[in-house]
Amino acid sequence: MEGHKQHCRRQGTHHSRQNQGRYREHYSHRNQQYDFGESTVQNSSSMSAGEPTSSTSVPPDVPELPGFYYDQEKDRYFRLLPGHNNCNPLTWEAIHQKEMEEKRIKMLEEDAINTRVARTGVDFISLLRKRHCGLMNSRSYFCLVHELKISRMRRNKLKIQHSDSSSTSQFGMILADTNCERIFVVKNDKTGYKYGIVNLEGCGKGSSLISVSMCDNLYSTFRKGTSVCWASLTGHDSHILLCLTGHADTPGSISLLPTSIFSNSSMEEHPRMLCNFKSSTVRTCAWCFNPQADKCFSSGLLHRVFVTDAVTGQKQTFSTSSDVLAQQFARRVPVLYNGCRNGEIFSIDIRQRAKKGQGWKCSRFFHNSTVTSVRLLQDENYLMAADMIGKIKLWDLRTARCVRQYEGHHNKHAHLPIHINEDVGILLAVGQDHYTRIWSLKDGCLLRTIPSPHSGSNDSIPSVVFSSQLGGSSGVPGLLMAVKQDLYHYIYNTDL
């Protein structure tokens, strides 16, 4: 009797192994015919724009085994070891990084071929026919042609003319002035942070290239900048308003730097400090361009907003229920819009005095997560806001309702800005996954996804500037991208 049971066990084990072998063979055959993973559920606009996807998830037909990783290419399981140290060659983090790097390289190769389209079925010839037949107005034609050119932009590495050793520093951020003739840059290396200005200039009529040169002097400090904006104190974009964090016994501060000190050989030893805070909590700043308060700037702190007159030093204080991380002034009226850590967005009319409580708030609405950037559209009836869970929403300020969302942005915990160019009709944002995404401002269509030219790391998220006139009125259209030590110009395709 006992011998019969053992025979049955051996026979059952034999059949089980045969079934497992047939199962692996069957799945391997299916895997050659179908593409599994998240890429199968991407929408058409994302796929046409080259949206990267993740394939670290195990296909539904393959059982997940605790402590094991299934490799689709090799059709077998591998043991996962705990931890993230160098002695462990196989972790989920390492697997994810490898897959993302492979996709980045693949997208760079596709960009080199330059065959992407912004919208399926839309090309220059069809647009021209509709325009000649009167089926499309000039504004729509203009925006769609720009979309085609954006989808075909090609990368060109720029050579920056340096007069010092700043060429070895890495870019942290770039910010263009109003006319895109100058770019304020933040660079960092082992010695600290360096702040300077790069001049842009077109290479002549008929050329799609630009030349860039770094100004002679850099402002160096060991303190990190948390926010920066151009300021018009004595002239148009005459100063830089820079938030600096505190360090050790040095408090956080707001520095108002004349742009002349970056090119003047007799630079002042210390820039003019308008405010010195006793705590390192300066999060953001904004300059007011409205004539009623054109010498005022704001700063966002922990549970406070300061509005300061740059000439008299007079300051208004508004207490808030959360930290203020993003700000922008309206131009038509002296109203300040603020984005907070708790997801709240509210406005302040700085013509009224601060009241007890929060009765001075003109309008307020909420995101689901920490707000990282706010941008007003030109008519100032709409506001774009981004948060730390990757949501980008367009709000109607008249009704305090979200009217559109822009899908695909990636963010988990970083303070990332968004950029709007209404002349061309696009929205840009760089995600924490190092991809630069460009959407149509009108309908939210994802037009293009641009991979970083360098492999990703936490300290190498690209910073971008887009303009239809890089270098001023005689400049050229395109995208500037600063990443690590390099500056790239994504040039319009002149064949269109």
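Where does Lys484 lie? Select Lys484: the residue sits in the loop between S31 and S32. Helices (H or I, at least four residues) and strands (E, at least two) are DSSP runs, numbered from the N terminus.

Before going on, note that this is a predicted model, in which local features need pLDDT of at least 70 and side-chain atom pairs count only at pLDDT 80 or more, while totals for chains, interfaces and linings use all residues. Residues are numbered from 1 along each chain as its sequence is written, and side-chain values use heavy atoms, with hydrogens and water left out.

**Stop 1: the loop and its sheet**

Stay on Lys484, which is not a glycine but has a positive phi of about 55 degrees. Most residues other than glycine have a negative phi. Lys484 counts as partly exposed at 24% relative accessibility; buried means under 20% relative accessible area, exposed over 50%, and partly exposed in between (1.4 Å probe, protein chains only).

Now select residues 476–483, strand S31, and residues 486–491, strand S32. The two run antiparallel and are joined by 6 bridges. Met481 stands opposite Tyr488 in S32.

Widen the selection to the sheet, an open one of 4 strands in the order S3-S32-S31-S30, with antiparallel pairing. Its edge strands are S3 (154–158) and S30 (463–470), each of which pairs on one side only. Two strands pair if DSSP finds at least two bridges between them. On average, neighbouring strands of this sheet are turned by 25 degrees against each other, direction ignored; axes are lines fitted to C-alpha atoms, for helices over the stretch in contact, and angles run from 0 to 180 degrees between N-to-C directions.

**Stop 2: Asp486**

Select Asp486, placed in strand S32. Is Asp486 buried or exposed? At 14% relative accessibility, Asp486 counts as buried. Which side chains does Asp486 join in polar contacts? One polar contact, of 3.4 Å, is with the side chain of Lys157, and another, of 2.8 Å, is with that of His454. A polar contact is a pair of N or O atoms within 3.5 Å; within protein, one must be able to donate a hydrogen and the other to accept it, and residues adjacent in sequence count only if both atoms are side-chain atoms. Leaving aside neighbours within four places in sequence, Asp486 is in contact (heavy atoms within 4.5 Å) with Lys157, Phe171, His454 and Met481.

**Stop 3: Glu380**

Go to the loop between strand S22 (371–376) and strand S23 (382–387), where Glu380 is found. Glu380 is not a glycine, yet has a positive phi of about 60 degrees. With a relative accessible area of 15%, Glu380 is buried.

**Stop 4: salt bridges**

How many salt bridges are there? The count comes to 14, a salt bridge being a side-chain nitrogen of Lys or Arg within 4 Å of a carboxyl oxygen of Asp or Glu.

Select Arg104 and Glu101, whose closest N and O atoms are 2.7 Å apart in a salt bridge. Both lie in helix H3 (residues 92–113), 3 residues apart, about one turn of the helix. Arg104 is buried at 11%, whereas Glu101 is partly exposed at 25%.

Next, show the salt bridge between Asp111 and Arg448 (3.7 Å, N to O). This pair links distant parts of the chain, with Asp111 in helix H3 and Arg448 in strand S29 (residues 446–450), 337 residues apart. Asp111 and Arg448 are both buried.

Finish with Arg119, Glu147 and Asp443, joined into one network by salt bridges that share partners.
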